[in-house]
Amino acid sequence: QLGEVSYADSLRQLLPLDLDAIVLVGYPKSCATIVQEWALLGGSSRWYLSPPLKANDFIDNVPPGLLDGVIGVAPTLSENAQDFATAFAERFDGDTPLDAAAFYYDAAALALLAMAQAAHDSGTDPSGEQIRDVLQDISRPEGQFVRWNELDLALDLIGRGEMINFEGTSGSVDLDERGDLSHGQVGFWTIANDQIQDL
């Protein structure tokens, strides 16, 4: 269970299995502890890492060289993500966001804009169903283009009854008929010389 002080007891149970590889899903601090304890126990399995581990906080808390050669997976981000990371660092004393923060931000922005659209359409406080029904409408290619850092403009346009095409920090957030991202892509990365490198 993530958040423990030590995972050694659980990891000891895996040693007899002589695993070729382990998929590590979690957050940097807990996973750094897991990797270190696995090495101390003599485990030598190859690690495959989840998106939140594509972070310097993870690498910085593991002994040098221990992660070299691992393979990770993460959604690919647009150039907007670098602008978002810069703005984030300026706002939060130099801290850098995880890649996943771009998606969290976009999800919150989409929810905000959908609420505004539903309120405009209904003329009153919208229901959850009304918000759901307009979610796809706030990021349409035929609407006026607004970037992730132009939420005031987006809200103004919605208030005037105009369609918008919201471009998020993660890139295009056009949704298909099921509500999934139409253009989502996944990339692979590794760690070499204690540095993250995209593959």
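**Exercise 1.** Does W148 count as buried or exposed in this predicted model?

*Solution.* Start with the relative accessibility of W148, which is 6%. Buried means under 20% relative accessible area. W148 therefore counts as buried.

**Exercise 2.** Work out how the rings of W38 and W47 are arranged, then do the same for F84 and W148.

*Solution.* The structure holds 6 aromatic pairs. For W38 and W47, the ring centres are 6.3 Å apart and the planes stand at 75°. Planes over 60 degrees apart count as edge-to-face, so the pair of W38 and W47 is edge-to-face. W38 is buried at 3% relative accessible area, and W47 is buried at 7%. For F84 and W148, the centres lie 5.7 Å apart with the planes at 90°, so this pair is edge-to-face.

**Exercise 3.** Which parts does the pair of F84 and W148 tie together?

*Solution.* F84 lies in helix 4 (residues 80–91). W148 is in the loop between strand 4 (144–147) and helix 7 (151–159). The pair therefore ties together parts that are 64 residues apart in sequence. F84 is buried, with a relative accessible area of 8%. Both residues belong to one aromatic cluster, formed by F84, F88, F92, Y105 and W148. At F92, the charged end of R91 sits over the ring, 4.9 Å from its centre.

**Exercise 4.** Place Y48 and state what surface feature Y48 helps to make.

*Solution.* Y48 is found in strand 2 (residues 46–49). Its relative accessible area is 35%, so Y48 is partly exposed. Together with V23 and V25, Y48 makes a nonpolar surface patch of about 300 Å².

Notes: Residues are numbered from 1 along each chain as its sequence is written. This is a predicted model: local features need pLDDT of at least 70, side-chain atom pairs count only at pLDDT 80 or more; totals for chains, interfaces and linings use all residues. Side-chain values use heavy atoms; hydrogens and water are left out. Patches are made of residues with over 30% relative accessible area and no salt bridge: like charges are joined within 9 Å, nonpolar side chains (Val, Leu, Ile, Met, Phe, Trp, Tyr) within 5 Å. Accessible areas come from the Shrake-Rupley method with a 1.4 Å probe; for residues, only the protein chains shown count as cover. A salt bridge is a side-chain nitrogen of Lys or Arg within 4 Å of a carboxyl oxygen of Asp or Glu. Helices (H or I, at least four residues) and strands (E, at least two) are DSSP runs, numbered from the N terminus. Buried means under 20% relative accessible area, exposed over 50%, partly exposed in between (1.4 Å probe, protein chains only). Rings of Phe, Tyr and Trp (its six-membered ring) pair if their centres lie within 6.5 Å; planes under 30 degrees apart count as stacked, over 60 as edge-to-face and the rest as tilted. A charge sits over a ring if NZ of Lys or CZ of Arg is within 6 Å of the ring centre and within 35 degrees of the ring normal.
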